[in-house]
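Trainee: I am new to this structure and would like a close look at a single part of it, the packed interior. Please begin with the overall layout and then stay with that part.

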Amino acid sequence: MLHLLSTKLFHSQLPHAGDTFWPCFAPCPRRQAEEQPAGGGFVPSDMLLSPQSYSGSILQPAYSPDAPSQLGYVDGFDEEPPLLEELGINFEHIWQKTLTVLNPMKPADGSIMNETDLTGPMVFCLALGATLLMAGKVHFGYVYGMSAIGCLAMHALLNLMSVSGVSHGCVASVLGYCLLPMVILSSAAVLFSLQGTPGTVLALFIIGWCSLSASKIFTSALAMEGQQLLIAYPCALLYGLFALLTVF
């Protein structure tokens, strides 16, 4: 009885003649077709490009006049100011200030003299130290030290005397530009000795020249009419120290 039941179960599990037998390790084509989606099912039709739709090359894209320029920053260099203007160096103003110092009788332009320009003063300080060095005197530290102390003292004095006030840069610029006649005196000290009557007279003349130019510029820039002599006195004391360095 058991033998008959086992035989019927075995024959019922065998495939029939019309059925297709697939091994257990091979996937069914019907199931594979259901699991794998169609090739273009999820790709939009506008993303499928035909071979003739792209006219440019791979490394050089096609130019479109409607597209914004990607190199717009190149034109920005033409709009930038020159380097000397960014640094605050104006050779025309330097030349005008130098002519104003060399000619004490010429009226000073207050708008130009009120600018903070330290290019000329630095050049004149270096020239004064270099000419003193050529005369055998190493006084660079004294030149810079007295210049700094003199600028601070004049700044405090001018702020007390004027109504509008003045900046440190303006004081340093004016005093530095008016140091140019002192460079002429130190250049003369290279050629001959100033320790004598001619040297003393020349030194006094240079001191008056520097103080007159500085007081004229301060009076014009700060609108201090009638106070030029009061400003010229401390300027003469400051430039007298530079004259002592040059003569002795």
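From the N terminus on, in what order do the elements of the chain run?

Mentor: The elements run α-α-α-α-α-α-α-α-α-α-α-α from the N terminus, so there are 12 helices and 0 strands in the chain, where helices (H or I, at least four residues) and strands (E, at least two) are DSSP runs numbered from the N terminus. This is a predicted model, in which local features need pLDDT of at least 70 and side-chain atom pairs count only at pLDDT 80 or more, while totals for chains, interfaces and linings use all residues. Residues are numbered from 1 along each chain as its sequence is written, and side-chain values use heavy atoms, leaving out hydrogens and water.

Of the 248 residues in the chain, 33% are buried, a word that stands for under 20% relative accessible area, with exposed for over 50% and partly exposed for what lies in between (1.4 Å probe, protein chains only). The largest nonpolar core has 45 residues; such a core is a set of buried Ala, Val, Leu, Ile, Met, Phe, Trp, Tyr and Cys residues joined through side-chain atoms within 4.5 Å. Two or more residues each are given to this core by helix 5 (91-102), helix 7 (119-134), helix 8 (140-161), helix 9 (168-177), helix 10 (180-191), helix 11 (197-222) and helix 12 (228-247), and helix 11 gives the largest share, 9 residues. The residues with the most contacts inside the core are L175, M182, F218, Y239 and F242.

F218 is a good place to look closely. Leaving aside its neighbours within four places in sequence, F218 is in contact (heavy atoms within 4.5 Å) with M154, L158, V171, V174, L175, A223, I231 and C235. One of these partners, A223, is found in the loop between helix 11 and helix 12 and is exposed, with a relative accessible area of 56%. A223 also has a positive phi of about 55° although it is not a glycine, whereas most residues other than glycine have a negative phi.

I231 appears again beside S215, a residue of helix 11 that counts as buried because its relative accessibility is 0%. With neighbours within four places in sequence left aside, S215 is in contact with Q228, I231 and A232. Over residues 200-218 the chain is 100% helix and 0% strand, and the end C-alpha atoms are 27 Å apart. UniProt, in an unreviewed entry, lists "transmembrane region" for residues 142-162, 174-194, 200-218 and 230-247; its positions are given in the numbering used here, feature names are shortened, and annotations may be inferred rather than shown by experiment.

Helix 5, which also gives residues to the core, leads to a different kind of pair. K97 forms a salt bridge (a side-chain nitrogen of Lys or Arg within 4 Å of a carboxyl oxygen of Asp or Glu) with D117, the closest N and O atoms being 3.8 Å apart. K97 lies in helix 5 and D117 in the loop between helix 6 (110-113) and helix 7, so the pair ties together parts that are 20 residues apart in sequence. Both K97 and D117 are buried, and the structure holds 1 salt bridge. L102, by contrast, has its place in helix 5 and is partly exposed, with a relative accessible area of 35%.
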